[in-house]
Amino acid sequence: MRYRSTRGAPAVGLDEALIQGIAPDGGLFLPEQIPNFALEQFDDAVSITDVAGVMLAPFFEHSTLRDDLRAIIDETFYFDIPVVKLTSEPGWCGLLELFHGPTAAFKDVGAGFLAACLTRLEGNPESPLTILVATSGDTGGAVAAAFNERSGMRVAVLYPDGRVSERQAHQLTCWGDNVLSLAVSGSFDDCQALVKAAMADRSLAARHRFSSANSINIGRLLPQAIYYAHSSLVHWRERQQQPSYIVPTGNLGNAFACYLAREMGMPIGEIVLATNENRLIVDFLDGADWAPRASIQTLASAMDVGNPSNMERLRATGGDAAAIGRKVRAASVSDRQIEEEIGRNFTEFGFATCPHTATATYVWRHLDREDRENRDWILAATAHAAKFEQIVEPIIGQAVPVPDELAAILARQRRFTVIAPELDALANALDRGFVD
């Protein structure tokens, strides 16, 4: 299979797409043809690794990683990704818990998969590959953990200084010598713009051999589609119903993965995007022009994105706003509504939800009655509430237990550098931090 740019650059193989991260013309890679599966092809696929083996095989058909695919899958999907039922009346609803990985966020799946691929492709200590990653909270920690101390791999994590939670900041800044943590004096959009500018700078790219681990990299999207495929297949087998999904979204990568799984023939019904007060996607689907905005700082910080990159993929595959609006819906949730929802979830269900997951439960509660009662819903729980204890604990009135793996990360020493949101500042930090 070949991979084309959303902007028209010549197609490349999977290995090149993984390594480049972004196409030479600045576009994002997409498969030239999206495979379409019949459900019968998954009859013998029970576990999530079995489903991944069937679903990913066409994407790796001509890759040098083809014979390593099963090992890559096993390295990635080694932790539980359960669907926990919330209620069956009126209308079935459950949480897809994506926070059982090493950094307690859904990004662990894509980051682990990409690290397993790139280490096999480019893990040369004599000429290391430098992974650039902009993060609004969770991506950077997951990528740093996945690539930490991997031979031939270096990581530069850019995050908006003061705009992530304390525990998120700790996860971004506590790794080994091959991870450079950069606190950017600006927004996530500034971080993302710096990554794109650095990758487009030929001189800088030649010095550091850049690739990307943001959701702009096709290697992040493919494994994320697996947990939507698996959970929908399990639900279909158990209830003979296509589940619909509500996905909290910022940069639109996780939501596009759900859309991609449905495009490949998985038994997925409606897809609803839950955003915070950064409502560009909602307004676009309501008829506004696609005009990137300055991001707004909210309680759901990992979703504070004013220019969601993966809309470029959605527009390339889904058409104009009217056509996309027939395939996905979107709703915006305010900070006040997030706070109320965290409290209501705790009272009703007995456990804490992070601010991002709360946007999904809020949207579910406020669906039309017919939607709620006549469809089965799965809500993506994207991060563990313990990562946002400063927000969640005052609302629920008690401490949130910290998962063991997250506690181990929080015990590590922090190390980071503050830089201005300028390409020269990033170049200087990279040159100083990665001098052999």
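## A guided tour of the predicted model

Begin by selecting phenylalanine 256 and tyrosine 259, which stand three residues apart in helix H10 and are therefore separated by about one helical turn. The model is a predicted one. Display the two side chains and look at their rings: the ring centres are 5.5 Å apart and the planes meet at 35°, so the pair is tilted. Phenylalanine 256 is buried, with a relative accessible area of 3%. Tyrosine 259 is buried as well, at 2%. This is one of eight aromatic pairs in the structure. For further aromatic pairing, select Tyr227, Tyr228 and Tyr245, which ring pairs link into a cluster.

**Helix H2**

Next, select residues 48–56, which form helix H2. Which residues of H2 are buried? They are Ile48, Thr49, Val51, Ala52, Met55 and Leu56. Turn the view to look down the axis of H2: the buried residues fall within an arc of 155°, so they line one face of the helix. Now add helix H3 (69–76), helix H4 (107–122), helix H9 (218–239) and helix H10 (253–263), against which the buried residues of H2 pack. H10 is the helix in which the tour began, with phenylalanine 256 and tyrosine 259.

**The nonpolar cores**

Two residues of H2, Met55 and Leu56, lead to the next stop. Together with Phe147 and Tyr228, they have the most contacts inside the largest nonpolar core, which has 95 residues. Helix H9 gives the most to this core, with nine residues. Apart from this core lies another, of 34 residues, among them Cys93, Ala274, Tyr362 and Val400.

Return to phenylalanine 147 and display its surroundings. Leaving aside neighbours within four places in sequence, phenylalanine 147 is in contact with Ala111, Leu114, Ala115, Leu118, Ile131, Met153, Val155 and Asn178.

**Strand E13 and its partners**

Select residues 376–381, which form strand E13. Are the residues of E13 mostly covered or uncovered? The strand is mostly covered, since six of its six residues are buried. In a regular strand, side chains alternate between the two faces of the sheet. In E13, Asp376, Ile378 and Ala380 point one way, while Trp377, Leu379 and Ala381 point the other way.

Add strand E5 (residues 93–97), which runs parallel to E13 and is joined to it by five bridges. To find one of these places, select glycine 94, whose bridge partner in E13 is isoleucine 378. Then add strand E10 (residues 243–248), which also runs parallel to E13 and is joined to it by four bridges. Here serine 244 stands opposite tryptophan 377 of E13.

**A charge over a ring**

Select arginine 372 and tryptophan 364. The charged end of arginine 372 sits over the ring of tryptophan 364, 4.2 Å from the ring centre.

**Two loop residues with positive phi**

The tour ends with two residues in loops. Glutamate 149 is in the loop between helix H5 (139–147) and strand E7 (153–160). The phi of glutamate 149 is positive, near 60°, although the residue is not a glycine. At 63% relative accessibility, glutamate 149 counts as exposed.

Finally, select arginine 209, in the loop between helix H8 (202–208) and strand E9 (210–212). Arginine 209 likewise has a positive phi, of about 50°, and is not a glycine. With a relative accessible area of 28%, arginine 209 is partly exposed.

Technical notes
Residues numbered from 1 in each chain as written. Predicted model: local features only at pLDDT ≥ 70, side-chain atom pairs only at ≥ 80, totals over all residues. Heavy atoms only, no water. Buried < 20%, exposed > 50% of the residue type's maximum accessible area, 1.4 Å probe, protein only. Arc of directions from axis to C-beta. Contact = heavy atoms within 4.5 Å. Phe/Tyr/Trp six-rings, centres within 6.5 Å; stacked < 30°, edge-to-face > 60°. Lys NZ or Arg CZ within 6 Å of the ring centre and 35° of its normal. Core = buried A, V, L, I, M, F, W, Y, C linked by side-chain atoms within 4.5 Å. Pairing = 2+ DSSP bridges.
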